[in-house]
Amino acid sequence: AFAQRLGAFHGAAVVPFVGKADTPCFRVVNRGSPADFLDIVGIQGGSVEADLARRDFTFNAMAMRVQADGKPGELIDLFRGQRDLEQRCVRATGAEVFVSDPLRIIRAVRFAAQLSFEIDPATLDLMKSAAAGLAGTAGERVARELFLILEQPSCASHVRILDEIGALEALFPEIRPMKGCVQNEHHHLDVWDHSVATLEICEGILEAAEVSLGPSAAHVRGNLGKHNRLALLKLAALFHDSGKPEARTVEPSGGRVTFHGHEKGSSAAAGRVADRLKLSARDRAYFENLVGN
């Protein structure tokens, strides 16, 4: 009722969030500027303090009382979130944060990537212990957070963090056989390390696009700025050789390692990844086309 009254008073649109019957939540949107909005939800747990204890990270677990005249009042900071903001640190509010919702593992890395924050070592340990739970997380939720990471200019280091804590293998079992899959004389890295290096080189090309791509730089940047293309390009870099472990053979004479037809296996693996992430038909076609070619 409060959200509806607020919307009517300001001439704003009030949009209820579906699927949240247990926790009613409304978005009050400025009709003239949709990027200007407030999310309104009732206090959970019976008190502000109990509500904050349900949050994921310390800097998301702060509240400020609003005084009768509308001015900000007392800051409620039970978990020293203000300190962690100042120290640029991603820290979990408690030991059960990632068990209750494993998606928060990717969310933690996303905050670190977007804000150039460091993840608290104890929080990293909690993330690692709960990483297996990501296998049961809805693909749409995973895709949203993962794409936000991949859209950052230099995300390869954060992809490595996801790999080190076991999050990537939990999400994408296709990665496991890529690790330790030795290649031929044309490669000094196994398939997985080669794929991560491909991501790093891809980001290097894009960072220096005016030098590496010359007159085409602006066109390429514009193209990758549409839809989810930048994130999908980087995801394709990680999975472009995912069919190699299955295609690997050793020639009887000379012992040369070959991967004939591996692009077909890679394309099939990309299809499974697309299924898991619930990609749209447009995004799926773009991703599979990059990997298969």
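Which residues line the largest cavity? I looked this up first and found L146, L150, V159, L162, L168, F172, L235 and L238.

**Setup.** I am working on a predicted model, where local features need pLDDT of at least 70, side-chain atom pairs count only at pLDDT 80 or more, and totals for chains, interfaces and linings use all residues. Residues are numbered from 1 along each chain as its sequence is written, and side-chain values use heavy atoms, with hydrogens and water left out.

**Cavity.** I take a cavity as a set of points, on a 1 Å grid over the protein atoms alone, where a 1.4 Å probe fits but cannot get out; lining residues have an atom within 4 Å of a point. The structure holds one cavity of 30 Å³ or more. The largest cavity contains about 40 Å³ of space (volume being the space filled by probe spheres set on the points, which are joined across faces, edges and corners). Helix 7, helix 8 (156–164) and helix 13 each give its lining at least two residues. Helices here are DSSP runs of H or I with at least four residues, strands are E runs of at least two, and both are numbered from the N terminus. I sorted the cavity lining by class and got eight nonpolar, no polar and no charged residues. Nonpolar covers Ala, Val, Leu, Ile, Met, Phe, Trp, Tyr, Cys and Pro, charged covers Asp, Glu, Lys and Arg, and polar covers the others, Gly among them.

**Pocket.** A pocket is an open set with protein on both sides within 12 Å along at least five of seven lines. I read a volume of about 1800 Å³ for the largest pocket. Its lining has 35 residues, and C25, D39, V41, D51 and R55 are the closest to its centre. Elements giving two or more residues to this lining include strand 2 (25–29), strand 3 (37–41) and helix 5 (103–115). Strand 4 supplies the largest share, five residues. By class, I list 13 nonpolar, five polar and 17 charged residues in the pocket lining.

**Helix 13 and helix 16.** I checked the axes (lines fitted to C-alpha atoms, for helices over the stretch in contact; angles run from 0 to 180 degrees between N-to-C directions). Those of helix 13 (residues 229–239) and helix 16 (residues 281–292) come within 9 Å and cross at roughly 40°. The two helices are therefore oblique to each other; angles under 35 degrees count as roughly parallel, over 145 as roughly antiparallel, 65 to 115 as roughly perpendicular and the rest as oblique. Contact (heavy atoms within 4.5 Å) involves R229, L232, L233, L235, A236 and F239 of helix 13 with D283, Y286, F287, L290 and V291 of helix 16. I sorted these into nine nonpolar, no polar and two charged residues.

**Helix 15 and helix 16.** The axes of helix 15 (residues 262–277) and helix 16 come within 8 Å and cross at roughly 155°. Helix 15 and helix 16 are therefore roughly antiparallel to each other. Among the helix 15 residues that meet helix 16 I noted E263, A270 and D275.

**Helix 10 and helix 13.** I found that the axes of helix 10 (residues 191–207) and helix 13 come within 7 Å and cross at roughly 145°. On the helix 13 side, L230, L233, K234, A237 and L238 make the contact. The whole contact divides into nine nonpolar, two polar and two charged residues.
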